[in-house]
Amino acid sequence: MLIIPHLNMWYLRDMIKKLIEKTRSCRRFRENRAIDINTLVDLVDSARLSASAANLQPLKYFLVADREKNSEIFPLLGWAGYLKEWAGPPEGERPLAYIVVLGDTGICTSFDCDLGIALQSMSLVATEKGLAGCIIASFQKDKLGAVLGVSEGFTLLAVLALGEPVEKIVLEKISPDGSIKYWRDAEGVHHVPKRSLDDIIVGRF
């Protein structure tokens, strides 16, 4: 009886770590599918339940699953800064939905801590649901605000593009030249270099 909870904790820890490893920035999707608006609500609920700096909870959200509205949002987004010759996903591989994150400036003016936590929580839950996402901070702010009808007192922070993944993403050791730039091979596999533990742990006591 005492062993079962212990085993469950080890299993849970391993499951969470694998989910984190599987949750990658995906930029190509199966556009012939659909995402229900209630799925987006569930993702935002995971963000709502997450930690918040000083418990201020200053983030607000626009949920977009309408194809016509998606087509207005897509050209306002920047894709894959390291892939200079790639203009973004072509028709047929574009996101099925978006969660646009805003900061309520009536609550505070610093959102970075909450933003990172919320985006990671939503991305993890999306992966668990068989979806994938791409966090986008490069977008035409004024035009996107106009498309969504953003009210005064809110600032656009990020866009989480979502869909059913179609691309393969693998993690790599950083090459000897030290480059951290992601890249694609001839088969379209997306490679993401990661620093080693020895590179990021600067002390042990």
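User: What makes up the area buried between domain 1 and domain 2?

Analyst: In this predicted model, about 930 Å² is buried between domain 1 and domain 2, and carbon and sulfur atoms give 60% of that area. On the side of domain 1, the residues that lose the most area to domain 2 are Arg24, Tyr82 and Leu83, which together account for 63% of what that side buries.

User: Where do the two domains lie along the chain, and how many residues does each give to the contact?

Analyst: The domain assignment places domain 1 at 24-166 and domain 2 at 168-204. Their centres, taken over C-alpha atoms, are separated by 25 Å. Domain 1 gives 11 residues to the contact, and domain 2 gives 11 residues.

User: Which polar links and salt bridges are found between domain 1 and domain 2?

Analyst: Three residue pairs are in polar contact across the interface, whereas the count of salt bridges between the two domains is zero. By class, the side of domain 1 that touches domain 2 has six nonpolar, two polar and three charged residues.

User: Why is the pair of phenylalanine 74 and tryptophan 79 called tilted?

Analyst: The structure holds two aromatic pairs. In the pair of phenylalanine 74 and tryptophan 79, the ring centres are 5.9 Å apart and the planes stand at 35°. Stacked planes are under 30 degrees apart and edge-to-face planes over 60, so this pair is tilted.

User: How do you know whether phenylalanine 74 and tryptophan 79 are buried or exposed?

Analyst: Buried means under 20% relative accessible area. Phenylalanine 74 has 11%, so phenylalanine 74 is buried. Tryptophan 79 has 9% and therefore also counts as buried.

Methods
Residues numbered from 1 in each chain as written. Predicted model: local features only at pLDDT ≥ 70, side-chain atom pairs only at ≥ 80, totals over all residues. Heavy atoms only, no water. Domains from an automatic or database assignment. Contact = heavy atoms within 4.5 Å. Buried area = accessible area lost by both parts, 1.4 Å probe. Salt bridge = Lys/Arg side-chain N within 4 Å of Asp/Glu carboxyl O. Polar contact = N/O pair within 3.5 Å; in protein donor to acceptor, adjacent residues only side chain to side chain. Nonpolar A, V, L, I, M, F, W, Y, C, P; charged D, E, K, R; others polar. Phe/Tyr/Trp six-rings, centres within 6.5 Å; stacked < 30°, edge-to-face > 60°. Buried < 20%, exposed > 50% of the residue type's maximum accessible area, 1.4 Å probe, protein only.
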